[in-house]
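This report introduces one structure to a reader who has not met it before. Please look over the sequence and the 3D view first.

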Amino acid sequence: MTKTHKKYLLGIDIGATNVKAGIVSAKGELLHQTSFPTNVRDGKDAVIHTITEQVRHFCAHHGIHADELIAAGIGAPGPLDYKTGILYFAPNLPGWHNVQLARIFTQKLKTDTFLENDANCAAWGEHWTGAAVDAQSFVMYTLGTGIGGGIIIENRILHGRDGAAAELGHVIVVPDGEACGCGSRGCLEAYASAPAIVRRYKSALRWEVGISATILEQSISAEEIVTKATEGDIFCKKIIEGTGKYLGRSIAGILNIFNPEMVIIGGGVSNAGPILFEPIKNEVNKLALEIARRKINITQAKLGTFAGVIGAAGCALTRLEISA
Ligand SMILES: [Zn+2]
């Protein structure tokens with residue numbers, strides 16, 4: 001088969017709970033998609049074996065042969081070296097240390113495979129076909145169990161020396177504030193991630209309404225708090241507005257440093273709409289330099305949960321073009 005038959009990209013987004021994968025066209029259209037549990041408890045080797053087998057079956061199911069793949073991209077959490085394709089470690093993938101992911105997947109999938117940080121992949125996806133197609137410089141926040149960050153400056157991903165740039169969740173928004181999983185205090189992630197929103201909700205209920213411990217023990221998710229807020233629940237609205245305020249505080253600093261054209265917010269909590277975005281904008285208007293904020297566009301991400309898959313495929317294409 002000649003090179004002209006290569007027309008598909010494969011994107012794989014390895015999360016701690018689920019793996020998402022997709023066949024993406026060279027123009028960035030998501031043609032087919034799938035997801036399956038990561039089962040991290042099975043251990044690294046079993047998980048990698050499952051992913052490669054599932055992805056191969058997925059391709060076969062859609063009649064796509066390895067020879068037709070231009071390249072594959074993997075998005076993974078945790079510090080990694082995108083140049084060598086080695087994942088150093090990932091806090092939510094126990095036992096994964098110095099894994100040569102790009103090399104292993106290149107062998108198993110029989111196509112050139114590239115590794116990139118998952119939050120960078122989501123940002124690259126939005127740049128390629130989503131909310132930031134017209135922006136050369138932008139910053140993306142992904143609000144989930146943690147807070148992912150991606151910084152694209154003049155059409156390039158900012159990696160930093162150790163591939164650890166854009167850890168936007170660990171920017172301090174409250175000095176000496178709540179403990180964060182990273183070991184520091186007062187990080188954005190300790191206030192605006194999904195578990196942090198639930199924690200703030202419960203603590204506010206306890207202090208402001210005096211709700212008993214039994215009721216507080218009932219589980220509520222951040223997404224439910226968002227839904228209730230959008231349905232007019234005043235209490236939930238206050239929690240989400242507070243989330244916007246913390247986000248706005250960190251965004252103001254980011255605008256002063258990078259002077260981007262856009263800030264994109266993705267993840268389930270971004271569905272809160274103006275309840276989240278208005279306080280963000282108010283805080284930015286209060287705190288950021290006028291020149292950095294006057295034309296800023298702060299908006300919701302477009303691609304949804306497969307942004308990382310599309311972006312991983314896009315990153316692979318870009319890297320292949322650079323290395324060619
Ligand atoms: Zn932190």
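Is the crossing of α5 and α8 left-handed or right-handed? In this predicted model, α5 and α8 make a right-handed crossing.

## Helices α5 and α8

Helix α5 spans residues 194-209 and helix α8 spans residues 234-258. They pack at an angle of about 130°, and their axes are 10 Å apart. That angle makes α5 oblique to α8.

On the α5 side, the contact is made by Ile197, Arg200, Tyr201 and Ala204. On the α8 side, Ile239, Gly242 and Thr243 take part. By class, the residues of this contact between α5 and α8 are four nonpolar, two polar and one charged.

## The chain as a whole

The chain contains eleven helices and 13 strands. Its radius of gyration is 20 Å, close to the 20 Å that the globule rule gives for 324 residues, so the chain is as compact as a globular protein of that length. Along the principal axes, the C-alpha atoms fill a box of roughly 65 × 50 × 35 Å.

## Two domains

The chain is divided into domain 1, made of 3-124 + 306-323, and domain 2, which covers 135-301. Taken over C-alpha atoms, the centres of domain 1 and domain 2 are separated by 28 Å. Twelve residues from domain 1 and 14 residues from domain 2 enter the contact.

On the side of domain 1 that touches domain 2, β5 (80-81) and α3 (118-129) each supply at least two residues. Helix α3 gives the most to this side, with six residues. Sorted by class, the side of domain 1 that touches domain 2 has eight nonpolar, two polar and two charged residues.

## Helices α3 and α11

Helix α3 also packs with helix α11, which runs over residues 307-323. The axes of α3 and α11 come within 6 Å and cross at roughly 80°. This crossing angle makes α3 roughly perpendicular to α11.

From α3, the residues that meet α11 are Asp118, Cys121, Ala122, Ala123, Trp124, Gly125, Glu126, Trp128 and Thr129. Their partners in α11 are Ala307, Gly308, Ile310, Gly311, Ala312, Gly314 and Cys315. The residues of the contact of α3 with α11 comprise nine nonpolar, five polar and two charged.

Note on methods
Residues are numbered from 1 along each chain as its sequence is written. This is a predicted model: local features need pLDDT of at least 70, side-chain atom pairs count only at pLDDT 80 or more; totals for chains, interfaces and linings use all residues. Axes are lines fitted to C-alpha atoms, for helices over the stretch in contact, and angles run from 0 to 180 degrees between N-to-C directions. Helices (H or I, at least four residues) and strands (E, at least two) are DSSP runs, numbered from the N terminus. Angles under 35 degrees count as roughly parallel, over 145 as roughly antiparallel, 65 to 115 as roughly perpendicular and the rest as oblique. A crossing is left-handed if the near helix is turned anticlockwise from the far one by less than a right angle, and right-handed if clockwise. Two residues are in contact if their C-beta atoms, placed from the backbone, lie within 7 Å. Ala, Val, Leu, Ile, Met, Phe, Trp, Tyr, Cys and Pro count as nonpolar, Asp, Glu, Lys and Arg as charged, and the others, Gly among them, as polar. Domain bounds come from an automatic or database domain assignment. The radius of gyration is taken over C-alpha atoms; the globule rule is 2.2 Å times the number of residues to the power 0.38.
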